[in-house]
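The following exercises are to be worked through with the sequence and the three-dimensional structure at hand. Each task is followed by a solution in steps.

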Amino acid sequence: MDPSSDYHFLNQILWRRVKLTLVCGVFEGVLQHVDPNRIVVLNKVKNVETGRSVPGVKMFFGHEIVNVELLDEVEQGAVRESASSVSLNTERTRVDKMKNEDLHVCEPPSPAPEAPTTSLLNDLKYSPLEDEEVTYTVIDQFQQKFGAAMLHIKKQSVLSVAAEGANVCRHGKLCWLQVATNSRVYLFDIFLLGRRAFNNGLQMVLEDKRILKVIHDCRWLSDCLSHQYGILLNNVFDTQVADVLQFSMETGGFLPNCVSTLQESLIRHLKVAPKSLSFLEERQQQIHENPEVWFTRPLSPSLLKILALEATYLLPLRLVLLDEMMSDLTTLVDGYLNAYREGSAEQLGGMEPSCMELPGELLQFKDFQKQRRERAVKEYRTNAKGLLLRTEPHPTKSVTETAGKEGNETRVSPSDSFHPFRKAMLSTLPPCPALEKIPG
């Protein structure tokens with residue numbers, strides 16, 4: 001393949017069914033993605049020689065492709081044959097006349113689009129929701145954008161990271177890695193870039209102890225990166241862990257019965273309106289309908305926006321959680337500031353500057369804890385492990401079920417039945433002995 005010219009040619013037959021004759025085999029499939037870097041991606045692939053179908057999508061490299069044959073019938077004015085043998089180098093002008101409404105799925109629509117000269121997925125600013133807008137850059141090749149993205153990312157002290165794929169862990173497949181800074185969002189197409197994306201800079205960032213990575217539930221990504229790519233994720237602020245810590249502080253030391261999803265955390269801490277987080281429900285719905293949705297190339301703008309928003313919200317969420325967790329410190333320091341300057345001169349005259357006895361301004365922290373525990377016991381029910389039963393941050397209605405032989409109550413939200421992965425988010429937090437001592 002001649003990458004400088006065949007790239008434009010093949011773009012004219014995207015979403016058509018083709019036959020690829022390779023040096024060592026023949027395959028049929030739907031032409032789904034063409035990259036200037038000599039990569040062709042087919043979906044619904046069939047090995048013609050064996051007759052077997054290949055699940056998912058399959059990549060082919062230009063140096064192994066001998067010929068491309070167009071199988072489905074195109075517009076009559078352009079091609080008369082229903083099975084036209086197309087030579088990449090001799091019949092390009094004939095196929096250039098084909099028009100297809102699906103040709104523009106990977107770029108915003110324009111009156112007279114031309115074949116892109118850099119990447120099939122350019123910088124997009126797409127806003128399917130009226131009240132939400134996000135700008136992002138898709139990195140699906142190493143030329144042009146990858147190097148610039150890494151230069152920007154390496155200059156950051158804090159960034160957010162999210163990931164999507166099929167069962168992201170050591171047994172699954174990582175397809176997308178989203179990285180957001182205060183000013184930019186990058187969507188790295190790991191499915192196309194492969195291990196080289198990590199070797200060319202991402203691994204250094206993920207392992208860098210000087211760069212803080214903000215992630216919601218880092219367990220799955222950490223397992224995937226470690227066992228599949230040899231990457232030890234380091235210096236992480238996990239918003240799911242921070243949410244539990246903040247809950248413990250708020251209730252005087254108690255622990256919740258479960259951890260929070262990203263959607264719950266954003267509603268609870270950032271006070272985001274549920275309608276603004278409909279993209280997370282859309283994400284769950286898409287996965288439910290097609291578990292391999294993140295393998296699709298090119299990915300639709302609406303799904304790309306979901307990827308971007310997942311990472312974008314994490315940075316402000318971290319700041320709010322930090323403020324909440326530091327509220328006690330701020331209160332105690334305020335007391336320290338006023339301890340002497342608002343007191344009498346006589347009081348200071350009789351005090352030893354070197355006295356290390358715990359001052360009254362700090363003893364009030366004990367009172368804070370006691371008051372919070374008393375309030376938590378009144379406001380929350382408990383389970384058999386002595387953990388506080390957490391309620392949904394925005395329940396539409398309460399459904400109370402009686403669970404267990406001892407009459408422990410469990411609250412079920414309608415959203416729990418909608419999210420098939422909600423049960424997997426339940427934590428295995430240890431029981432709280434102090435709470436178990438409190439009479440029923």
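**Exercise 1: A loop residue and its surroundings**

Leu233 is found in the loop between helix H6 and strand E13 (236-238), where helices (H or I, at least four residues) and strands (E, at least two) are DSSP runs, numbered from the N terminus. The model is a predicted one, in which local features need pLDDT of at least 70 and side-chain atom pairs count only at pLDDT 80 or more, while totals for chains, interfaces and linings use all residues. Residues are numbered from 1 along each chain as its sequence is written, and side-chain values use heavy atoms, with hydrogens and water left out.

Task: Determine whether Leu233 counts as buried or exposed, and state which residues Leu233 touches beyond four places in sequence.

Solution.
Step 1. Apply the cut-offs for relative accessible area: buried is under 20%, exposed is over 50%, and partly exposed lies in between (1.4 Å probe, protein chains only).
Step 2. Leu233 counts as buried because its relative accessibility is 16%.
Step 3. List the contacts, meaning heavy atoms within 4.5 Å. Leaving out residues up to four places away in sequence, Leu233 touches Leu206, Ile215, Cys218, Ser222 and Leu225.
Step 4. Compare sequence and space: Leu233 and Asp223 are 10 residues apart in sequence, and their C-alpha atoms are 9.0 Å apart.

**Exercise 2: The helix before the loop**

Task: Identify which residues of helix H6 (residues 219-229) are buried, and which elements they pack against.

Solution.
Step 1. The buried residues of H6 are Leu221, Asp223, Cys224, Leu225, Gln228 and Tyr229.
Step 2. These buried residues pack against strands E9 (158-166), E10 (173-180) and E12 (212-215), and against helices H4 (190-193) and H5 (196-207).
Step 3. Gly230, just after H6, takes a positive phi of about 65 degrees.

**Exercise 3: Two loop residues**

Task: Classify Gln156 and Arg52 as buried or exposed.

Solution.
Step 1. Gln156 lies in the loop between helix H3 (145-154) and E9. At 18% relative accessibility, this residue is classed as buried.
Step 2. A polar atom of the Gln156 side chain lies 2.9 Å from the backbone oxygen of His152. Beyond four places in sequence, Gln156 touches Thr181 and Ile211.
Step 3. Arg52 lies in the loop between strand E3 (39-47) and strand E4 (53-61). Its relative accessibility is 63%, so Arg52 is classed as exposed.
Step 4. Apart from neighbours within four places in sequence, Arg52 is in contact with Val45, Lys46 and Asn47. Arg52 and Phe27 are 25 residues apart in sequence, with 9.9 Å between their C-alpha atoms.

**Exercise 4: Nonpolar cores**

Task: State which residues touch the most other members of the largest nonpolar core.

Solution.
Step 1. A nonpolar core is a set of buried Ala, Val, Leu, Ile, Met, Phe, Trp, Tyr and Cys residues joined through side-chain atoms within 4.5 Å.
Step 2. The largest core has 43 residues, of which Tyr136, Trp176, Leu187, Leu266, Leu277, Trp294 and Leu304 touch the most other members.
Step 3. Helix H10 (residues 301-312) gives the largest share of this core, 7 residues.
Step 4. A second, separate core has 30 residues, including Phe146, Leu177, Ala197 and Leu225.

Terms used:
Polar contact = N/O pair within 3.5 Å; in protein donor to acceptor, adjacent residues only side chain to side chain.
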